[in-house]
Structures are given as structure tokens and as C-alpha cells.
Amino acid sequence: MNGLTCRSFPSVIVIMLLGIILALPSLSSLSYAQSEEEPRTWLDALKTLSSERMLADVRTLSSLEFNGRQAGSADDLRSAQWIAQELTGVGVQLPRIDNKGIAFPSSGAGNEGPVGIMASMISTPLIEPDPIVRTGTADHLVPAQLSQDYFPVFDSPSADLQGQIVFVGYGIVDPAQGIDDYAGVDVKNRLVLFLRGKPDYYPSPVSHADKVRLARDRGALAYLTVTGPIIRPYDIRRGVTGRPSALYGQLPSDQAIPGAWISTKLAETILAGSGEESDPDRLRTLQEQLNDAPTAQSRLTNHSASLHWKTKIADGVLTNVVGMIPGAGPETIVVGAHRDHFGRPAGLWFPGADDNASGTAVMLEVARVLGKSGLHPQRSILFLSFSGQERDVLGSRLYTSRPVLPLSSTKAMVNIDHVGAGDGVLILRVAELKKSTLKEAGWATGLVRKLDYYGFLSGGDDGPFNEAGIPTVSIASGGAHPHLHQPTDTADTVNPENLRNIARYVLALTWQLANSP
Ligand SMILES: [Zn+2]
């Protein structure tokens, strides 16, 4: 190293002075107050993040105005336009995107969509109000209560059927592993009842859609699915209960059969039987046996069920919103959050405040303060509001299939999903990003002790980016999210302190990713 030159000496002093100023809270807050509208450094920007503004955005997005933002619905399109509007005038650029002639319902002439909106066509299922599900013995069926006892699986086809219920364990068939949950039972023209998830010893992933296909291939009319009474401690901490939950089955319409997610309580009644044979703990015993070893526990129950509802399918537009802060160089960092939720199926309303108005509000606020700062990052920062996450991440897939900036020069993707409820511990699900980078943003924001690192988990909007070979981190708030996928996921359950901390962390991490060598 050479000694200090005449030119570099003063700049060292300037840096030292800056360090002192930043270390003095009174001085730095003074400079912040003077430049509230236009923060000059990213640390100033950090201080202008507003949890009030984020909470207000969560309230707006989860209000009746947007009706639960179902992907492909007019409500979701309006929420996309609202986001685009919020990004306008805060120094974030909205690129004009070629949507291959898709006409936007609200844009009049329809030959050119609004700026900053990426769209593709999607067909959207909507179960009409007042579905009817009955369970009991074939000659005495009793209505089950919507929300309490069951939700129809919300992309189910119309149902008008009745049949006896056959229990088929976890609903897995894999001869190589010695598992056949359908052994010894005939499910033709009957309804199958299968547990959610899989036993711990079973090595392969198994999706809900896989299970429905197996049932359909064996001639089942329909299915019921349920969380077994034995819930893993990890899931209990996450707030998993025996309640039914909103779900899309994610099967193409030519493969789907009607289905419902029922409560553990109702499943226990179905399995308990009647008369002398009755055993209220039978479902638990069966699950214990299934969890112990791969032996089929399939059995015909003495219960039947009838399902009646109408599903309307409508064509709609799936929309991502794209905002950009251009960088000096050719590389890009993506910050994304999904905006869509379950909308108004079966006459219900799923506001989706924690899932994921919260992540959307955080992304929007970070975009606002960085945009307003007028700071120029080395790499471009792309803010993406996805739709279609609940429909098997259709929106983030749409983006990676038609990227606005090349994926080959996209260096990282930060995903934000349900950050409103919970205990505020920052759950980081990481793929290929350095822990030191994640930690550094923690030090910069005083949150390093709140960071909890896990591996990548599929199902989020980071998935398509991960598949494209881009390092990703998905950020969630830890602890219980008891209202997840429930009509009770309202803005009152969102903690503004969580929003604030997570926005601070996202801003610090984004800035660091956008400027590190
Ligand atoms: Zn969700």
C-alpha cells in the first residue's frame, strides 16, 4: 500500500466525519428531518420507511375494494393498477411492456395496456355462494358448516354427487417404497378421504395434485382431505390446526374431481363409526400406524357424503406490476411479493392481509423510499408485484418466461411473503445467497439477532427464479400465522412493528445486493 496522497487524505477525513455524523443519532435525525422528502443516502432512506403508510396499504389492499384479489379477477386487476399508480411519481420507472395484444378491461380501446403491467390470460374458477356438503349415514345426511367444517377446494369443478366414504391413509401409492394406501379397497363411485402431508419416513415429495390424480384414476367421484389429529410440533408452532383451509388443487380441469378440505373433528366423526364398534380415537390410531410403518390402513367407512356446488369459470387477465430503479451497470436485483389471494369463493371473503398484502406493502414502501431518494444503485432494482402465487406461482413463472431484464444478468431475487403476523423473527429461506451478505444487512439494521436461516422451500415466488439459477432469499415473519388462508386474515392481525423491521431489512439487503462488488 502506498502512503496517503494529498488527494486521498481529505476524503479519508470526510469519510471519518460522515461516520461520526451517522453514529450520532441527534445529528443524523436532524439531517433526516431537513431532507425528509429526499433522503440522500440509503441510511436516510431507511429512516423514512413508514409503518403507518405500510399499515394503511395493507388496509387498502385487504379491503372490500379489492375483494380478496383473486388471480384473474377484475378485483386483482384493479389492485395491480393501484400498485402501478402508487409507484408513479415516486421516482420508480414503469416500463412499457408488450402484452401481445391482451386487452385490459378498463383501458378502453384495449390495444395498449397501462404501463408497468405484464399480463397473460388465465381462466379463473369461482365457486358460487351457498355450497352444500352433507355427511352421515347414507339414509341420514347432516349438513356440514361452511368454514367451520369444510371449504370446497376452490378450483374444484361443479359437484352434484353422493357416495360412501373410503379412508385411504395419506393417499399415496408407490410400490417401490412398499406403499399402497389403496390396497384392499374399491373406491369406484365413492369419495376418498385422505390425510394431508406424508409420513416422515416417505422420502419423495408428494403433492395434493398427485393424490387427487391417484383417486381419480381409481374411479373416485370426489375426495375429502384433512389435517390428521397428530400435528408435528414445528407445524403447531406455525399455527397449523385441525381447521379446514383455503386451497387450490392445481389440477388441469380435465384431470380435476370435486374435493373439500374438512376439519379434523368432522373426519374423526366419519372414522369413529357407530354402535358397538364406535371409537372416537380411530383416526388418531390409524394415523399413528401410518406414521410408524408403510402398512395400508385403508377402509370403507359407514359414512357417506354429498357435495353440491356450482363452479363458474371465467377468462381473465393475470397481472404482474413491474417498477424499476435503473442502475449504472447492466445487472439486476429483483424484489418481489405476491399480491393475489383467494377472493370471494363460495360467498366467503378472504381479505389476505398477512398473505400477502403485508409483503406487497413492504415492497411498495421500499420502492417508494428508494425511488424518492434519487439514489443510483450500481445494479438496477426491479420491484415485482406478482399475481397467481396461490395458483401455483403463475405470476412469477410468467415473469421468468418473459423477463423485462435478462435473467442471465439478474444477480439475486428477494421474495417477501406473509410478514404481517407472527413473532417478527425474520425467517430467511435461502438458496445460493451468501450468509455473510444476509448477515451484513442484519448488522446494518440492528436485526441480526432476529434472523433465522433455513433452506429453500418450494411453492413461493422465489421458486421460478431458483429454477432459472438465480440466488434467492424468501423472507417471512416467524411464529404462528393462525389466520393463514382463513377469512379471518384481516388487517387487524397485522403488526406494524413486523412491517417496519422487515422493510428495514429488505431495504438494507436490497441496497447491499445492488451495490456490492
Ligand atoms: Zn397463500
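**Close-up views of a predicted model**

**View 1. The lining of the largest cavity mixes eight nonpolar, two polar and two charged residues.** Keep in mind that this is a predicted model. The volume of this largest cavity comes to about 60 Å³. Which residues line it? Going along the chain, you meet Y170, I172, G178, I179, D180 and D181, then P199 and Y201, and finally L290, P294, T295 and A296.

**View 2. Here is the second largest cavity, with a volume of about 50 Å³.** Its lining splits into seven nonpolar residues, three polar ones and one charged one. V153, D155, S156 and P157 are part of that lining, and so are V212 and Y223. G249, Q250, L251, A256 and I257 complete the list. How many cavities of 30 Å³ or more does the model have? The count is two, so you have now met both of them.

**View 3. Now zoom in on G228, a glycine in a loop.** You'll find G228 between strand 9 (222-226) and helix 7 (233-237). Is G228 buried or exposed? G228 counts as buried because its relative accessible area is 5%, and the cut-off for buried is under 20%. Who does G228 touch, if you skip its neighbours within four places in sequence? The contacts of G228 are then L195, T264 and Q287. L286 also makes a nice landmark: G228 and L286 sit 58 residues apart in sequence, with 9.5 Å between their C-alpha atoms.

**View 4. Strand 16 (residues 426-431) is mostly covered.** Six of its six residues are buried. In a regular strand, side chains take turns between the two faces of the sheet. For strand 16, one side holds L426, L428 and V430, while the other holds I427, R429 and A431. Both faces are covered, and that includes R429.

**View 5. Strand 16 has a partner strand in each sense, parallel and antiparallel.** Start with strand 17 (residues 451-455), which runs parallel to strand 16 and is joined to it by five bridges. One spot to look for is I427, whose bridge partner in strand 17 is D452. Next comes strand 18 (residues 472-477), which pairs with strand 16 in the antiparallel sense over six bridges. There, L426 has S477 as its bridge partner.

**View 6. A helix joins the picture in a β-α-β unit.** What makes up this unit? The pieces are strand 16, helix 12 (residues 435-445) and strand 17, and the unit is right-handed.

Conventions:
Residues are numbered from 1 along each chain as its sequence is written. This is a predicted model: local features need pLDDT of at least 70, side-chain atom pairs count only at pLDDT 80 or more; totals for chains, interfaces and linings use all residues. Side-chain values use heavy atoms; hydrogens and water are left out. Buried means under 20% relative accessible area, exposed over 50%, partly exposed in between (1.4 Å probe, protein chains only). Helices (H or I, at least four residues) and strands (E, at least two) are DSSP runs, numbered from the N terminus. Two strands pair if DSSP finds at least two bridges between them. A crossover is right-handed if, with the strands pointing away from the viewer, the path from the first strand over the helix to the second runs clockwise. Contact means heavy atoms within 4.5 Å. On a 1 Å grid over the protein atoms alone, a cavity is a set of points where a 1.4 Å probe fits but cannot get out, and a pocket is an open set with protein on both sides within 12 Å along at least five of seven lines; lining residues have an atom within 4 Å of a point. Grid points are joined across faces, edges and corners, and a volume is the space filled by probe spheres set on the points. Ala, Val, Leu, Ile, Met, Phe, Trp, Tyr, Cys and Pro count as nonpolar, Asp, Glu, Lys and Arg as charged, and the others, Gly among them, as polar.
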